[in-house]
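This briefing sets out selected features of one protein model, grouped by topic. Please read it alongside the sequence and the structure.

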Amino acid sequence: MGRGYQSEDIRQKLIETLQDSKTGMSGVEISQKIGVNRLTMTKYLKIFAAEGFLRQKNIGNLTLWFLESGQESYEFPGDYFKVASQYLENLTKGSENQVYSIIRNCIHSGASISRLIVEVVLPAIYAVKKMYDDGKIGNSEEKLLQNIISTSLQIFNQHKIEPEQKKNVIIISADPESNLVSEAASASFHSDGWRVFHLGDMSSAINVLFDLDLQKLIGKVWKQKSGIMVIVVFSRTEEGLNFFADSVKSIKEKLGKKIKLALCGKVGKKTKIHSDMLSENFEDVLQWSETIYETSK
């Protein structure tokens, strides 16, 4: 658009211009205050309204523009701690729309999606689990908060990123308790340009035919066998990790070294599981996958 206006610059100026306005402002007033061509400003206003950043109110022939509640601009990397606190506070209050606004505001403020997931969303997932384990919330509230977190993760997936055709990952949760963490991993891989195939909770698929079923899926989504295919399994139990590791082992023997297996979960020191990578740490899985891709080029 004219004069090289940047979307995030205009977004910040809109926050400064409209945050104290209770009666709203017309597009003409906004363009004059911000110093942007009226037609250019109109295009931005419509885009921001579609994103849920602004709302409009029509009075006769006049259109007034308002900031949606909860709009804020952050500065990163300094504000990750602040955001984590705000996210958890609004989550535990059940302030659903505010939670989503925080995520959108962070993205618009230039935050790293992977870092948001690690420093903001994951701690909230673990905090909700602890509240339930400590008896501070019941089943119904735990499920509600988990659903809010899940929906906030979908906001990251809506962020348009062109995936690299040679970076492929299948993400599996071995049990319902690990599913939300697997969703977080999917969003993080997506933000890093991977072609993500998130299967979610596959505990119901644990049977002797699973390896054939998974092999069939791989054949459909990875037809050209270009690059690598990383299979990531999240599990709360050794049994879950063992089952999926054994299933993938037989597939690797048939399809070759381009298939890699990463397991994320806790196992005993004496436990032996066939995998290319095993860690309790979420970040280790992400970093290892990137390293494996780089070395496969």
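Two strands are said to pair if DSSP finds at least two bridges between them. By that criterion, β4 and β6 pair in the parallel sense, over seven bridges. The model described here is predicted.

**Strand β6 and its partners**

- Strand β6 also pairs with β7, again in the parallel sense, over six bridges.
- Methionine 229 has a place in both pairings: asparagine 168 stands opposite methionine 229 in β6, and in β7 the bridge partner of methionine 229 is isoleucine 259.
- Seven of the seven residues of β6 are buried, so this strand is largely enclosed by the rest of the structure.
- Both faces of β6 are covered, with Ile228, Val230, Val232 and Phe234 buried on one side and Met229, Ile231 and Val233 buried on the other.

**Helix α9**

- Helix α9 comprises the 12 residues 210–221, which at 1.5 Å a residue should span 16 Å; the end C-alpha atoms are 17 Å apart, in agreement with that expectation.
- The buried residues of α9 are Phe210, Asp211, Leu214, Ile218 and Val221. They cover an arc of only 95 degrees around the axis, and therefore lie on the same side of α9.
- An α-helix has 3.6 residues a turn, so residues three or four places apart point the same way.
- Lys216 and Lys220 are exposed on the other side of α9.
- The cover over the buried residues of α9 includes β4 (167–173), β5 (195–201), β6 (228–234), α10 (238–255) and β7 (259–264).
- Lysine 225 is placed in the loop between α9 and β6. Its phi is near 55 degrees, a positive value in a residue other than glycine.
- Is lysine 225 buried, exposed or partly exposed? With a relative accessible area of 27%, lysine 225 is partly exposed, because the partly exposed class lies between the limits of 20% and 50%.

**The three-stranded sheet and helix α1**

- Three strands form an open sheet in the order β1-β3-β2, with antiparallel pairing. Its edge strands, β1 (25–26) and β2 (54–59), each pair on one side only.
- Strand β3 (residues 62–67) and β2 pair in the antiparallel sense over six bridges. Within this pairing, phenylalanine 66 in β3 is the bridge partner of arginine 55.
- Helix α1 (residues 7–18) packs on the sheet and touches β1, β2 and β3; the direction of α1 makes about 100 degrees with that of β3.

**Packing of α1 against α3**

- Helix α3 (residues 38–50) packs with α1 at an angle of about 80 degrees, and the two axes are 11 Å apart. That makes α1 roughly perpendicular to α3, because angles of 65 to 115 degrees fall in that class.
- Ser7, Ile10, Arg11 and Leu14 in α1 meet Met41, Tyr44, Leu45 and Phe48 in α3.
- Arginine 11, placed in helix α1, counts as buried at 4% relative accessibility, because the limit for a buried residue is under 20%.
- Which residues does arginine 11 contact, leaving aside its neighbours within four places in sequence? Arginine 11 is in contact with Phe48, Glu51, Phe53 and His108.

**Helix α2**

- Helix α2 (residues 27–34) has Gly27, Ile30, Ser31 and Ile34 as its buried residues. They cover an arc of only 95 degrees around the axis, which puts them on the same side of α2.
- Gln32 and Lys33 are exposed on the face of α2 turned away from its buried side.
- The elements against which the buried residues of α2 pack are α1, β1, α3 and β3.
- Glycine 35, just after α2, takes a positive phi of about 80 degrees.

**Helix α7**

- Helix α7 (residues 139–157) has 19 residues; from its first C-alpha to its last it reaches 27 Å, close to the 27 Å expected at 1.5 Å a residue.
- Its buried residues are Glu142, Leu145, Ile148, Ile149, Ser150, Ser152, Leu153, Ile155 and Phe156.
- The buried residues of α7 pack against four helices: α4 (80–93), α5 (96–108), α6 (113–133) and α8 (179–191).

**A cis peptide bond**

- Phenylalanine 76 and proline 77 are joined by a cis peptide bond, with omega about 15 degrees. Proline 77 is placed in the loop between β3 and α4.

Note on methods. Residues numbered from 1 in each chain as written. Predicted model: local features only at pLDDT ≥ 70, side-chain atom pairs only at ≥ 80, totals over all residues. Heavy atoms only, no water. Helix = DSSP H or I, 4+ residues; strand = E, 2+ residues; numbered from the N terminus. Expected span 1.5 Å × (residues − 1). Buried < 20%, exposed > 50% of the residue type's maximum accessible area, 1.4 Å probe, protein only. Arc of directions from axis to C-beta. Contact = heavy atoms within 4.5 Å. Axes fitted to C-alpha atoms, helices over the stretch in contact; angles between N-to-C directions. Parallel < 35°, antiparallel > 145°, perpendicular 65-115°, else oblique.
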